[in-house]
Structure formats: C-alpha cells, structure tokens
Amino acid sequence: MRTSTETVITTTETETYHWLGYAGLVPFVVTALAFIIDGATLWFHLFSSYSLLIMSFMAGSWWGSEIRSGAPRLGWLVLSNIIALAGWAAFAYGMTHDTNPRALVSAFLLVQSINFAALGWLDVSGRSGLKAAGYALFRLRLTIVVVLCHLFLFFA
C-alpha cells in the first residue's frame, strides 16, 4: 500500500483541479459537436489532436505519480507508455493511410476510447495514489464525457 506517500490535496487545490478538469472538457464537446454539425475535417483534426494531447498528459501524469510513489511498479510504468503510444500509433496510421478513411478514423476513436477508459479506471480505482475526497467521482465524470465524445464520433 502507499499510505506513507499518498498525496493530500487541500480544498483550494481541489477547487482548482475541478475547474481545470471541467474546463478541459470544453474542447472535446465543442469540436465533437462542430464536426457533427459542420462535417469539416478541420474539426475532426482539432478533436483528434486535443484527444492525443490530453491522453498523453494523463498517461504522463500517471507515470510521474508512479515514479514519486517511492516504489514504482514496472508494469504500471510500461502500461502508461503503452497507452500513450497506442493513441499516437492509431493517429499516425490514420494520417498516413487514406485507403479507407472511415475505418481509420473509427480505429483511432475506438483506441482513444479504450485509452481514456483505462486511464480513468486507474484513477477511479485508486491505483494512482490520489485519495482526495471526491476525486474518484470527479475523474469518473470526466472519463464518461470524454469517452462519450469519442464514441459519439465513432457512431456518427
């Protein structure tokens, strides 16, 4: 267990990460809706690049948390890298192979849905070491919205 190295978060920090987390949903929702309404490829590229940015940030944050734990677990370190590389590989493949754009877009959206669900599960399950009151529910809400945006575009 990580009882000696768990992170304690103050009320001000909690308010800040809540505000930043919910504000971070805006680009997902806006670009997904804009793509559905307008259909312009630009919106999908903006959605995809933001998705990669946030997924890489989350995987990197989790990796950093594992390193700071004092007893990093190799499997979790490798998993955070696999998640980041899987998203990038799906995106890169889709950008370089235009034989069936819809299939490639769908593959990217599905990979990212799995990535965000996995990262959300790691935090919600407490494996990240963060034990702030209400953090699991906060992360669950963020994860649901992000995954739904990806799946919404997947089925669009």
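Of the 156 residues in the chain, 36% are buried. The model examined here is a predicted one. Its secondary structure is simple to describe, with six helices and zero strands, so that reading from the N terminus gives the order α-α-α-α-α-α. Among contacts in the chain with a separation of 6 or more, 74% join residues that lie 24 or more positions apart.

Two of the helices can be compared with the span expected from their residue count. Helix H2 covers residues 25-38, and its 14 residues should span 20 Å at 1.5 Å a residue, which agrees with the 20 Å between its end C-alpha atoms. Helix H4, made up of residues 74-96, has 23 residues and reaches 32 Å from its first C-alpha to its last, close to the expected 33 Å.

Burial can be followed along both of these helices. In H2 the buried residues are Leu25, Phe28, Thr31, Ala32 and Ala34. After H2 comes Gly39, which has a positive phi near 75°. In H4, the buried positions include Leu77, Ser80 and Ile83, and Ala84, Gly87 and Ala90 are buried there as well.

The packing of H2 on helix H6 (residues 135-155) comes next. The axes of these two helices are 10 Å apart, and the packing angle is about 20°. Because angles under 35 degrees count as roughly parallel, H2 is described as roughly parallel to H6. The crossing of the pair is left-handed. On the H2 side, the contact is made by Leu25, Phe28, Val29, Ala32, Leu33, Phe35 and Ile36; H6 contributes Leu142, Val145, Val146, Cys149, His150, Phe152 and Leu153. Sorted by class, this contact holds 13 nonpolar residues, one polar residue and no charged residues. Leu25, Phe28 and Ala32 of H2 take part in this contact and are also among the buried residues of that helix.

H6 also meets helix H3. Here the axes come within 12 Å and cross at roughly 145°, and the crossing is again left-handed. Phe44, Phe47, Ser51 and Met58 are the H3 residues involved, and they meet Arg139, Cys149, His150 and Leu153 in H6. By class, the contact of H3 with H6 has five nonpolar, two polar and one charged residues. Cys149, His150 and Leu153 of H6 thus appear in the contact with H3 and in the contact with H2.

Ser51 offers a closer look at this region. This serine lies in H3, which runs over residues 41-68. Its relative accessibility is 0%, and Ser51 therefore counts as buried, the cut-off being under 20%. When neighbours within four places in sequence are left aside, Ser51 is in contact with Phe28, Phe108, Gln112, Phe116 and His150. Of these partners, Phe28 belongs to the H2 side of the contact between H2 and H6, and His150 to the H6 side.

A second buried position worth following is Leu119, placed in helix H5 (residues 101-124). With a relative accessibility of 3%, Leu119 also counts as buried. Leu119 and Met58 are separated by 61 residues in sequence, yet their C-alpha atoms are 7.1 Å apart in space. Apart from neighbours within four places in sequence, Leu119 is in contact with Met55, Met58, Ala59, Ile83 and Arg139. Ile83 is one of the buried residues of H4, while Met58 and Arg139 take part in the meeting of H3 with H6.

Note on methods. Residues numbered from 1 in each chain as written. Predicted model: local features only at pLDDT ≥ 70, side-chain atom pairs only at ≥ 80, totals over all residues. Heavy atoms only, no water. Helix = DSSP H or I, 4+ residues; strand = E, 2+ residues; numbered from the N terminus. Expected span 1.5 Å × (residues − 1). Buried < 20%, exposed > 50% of the residue type's maximum accessible area, 1.4 Å probe, protein only. Axes fitted to C-alpha atoms, helices over the stretch in contact; angles between N-to-C directions. Parallel < 35°, antiparallel > 145°, perpendicular 65-115°, else oblique. Left-handed = near helix turned anticlockwise from the far one by under 90°. Contact = heavy atoms within 4.5 Å. Nonpolar A, V, L, I, M, F, W, Y, C, P; charged D, E, K, R; others polar.
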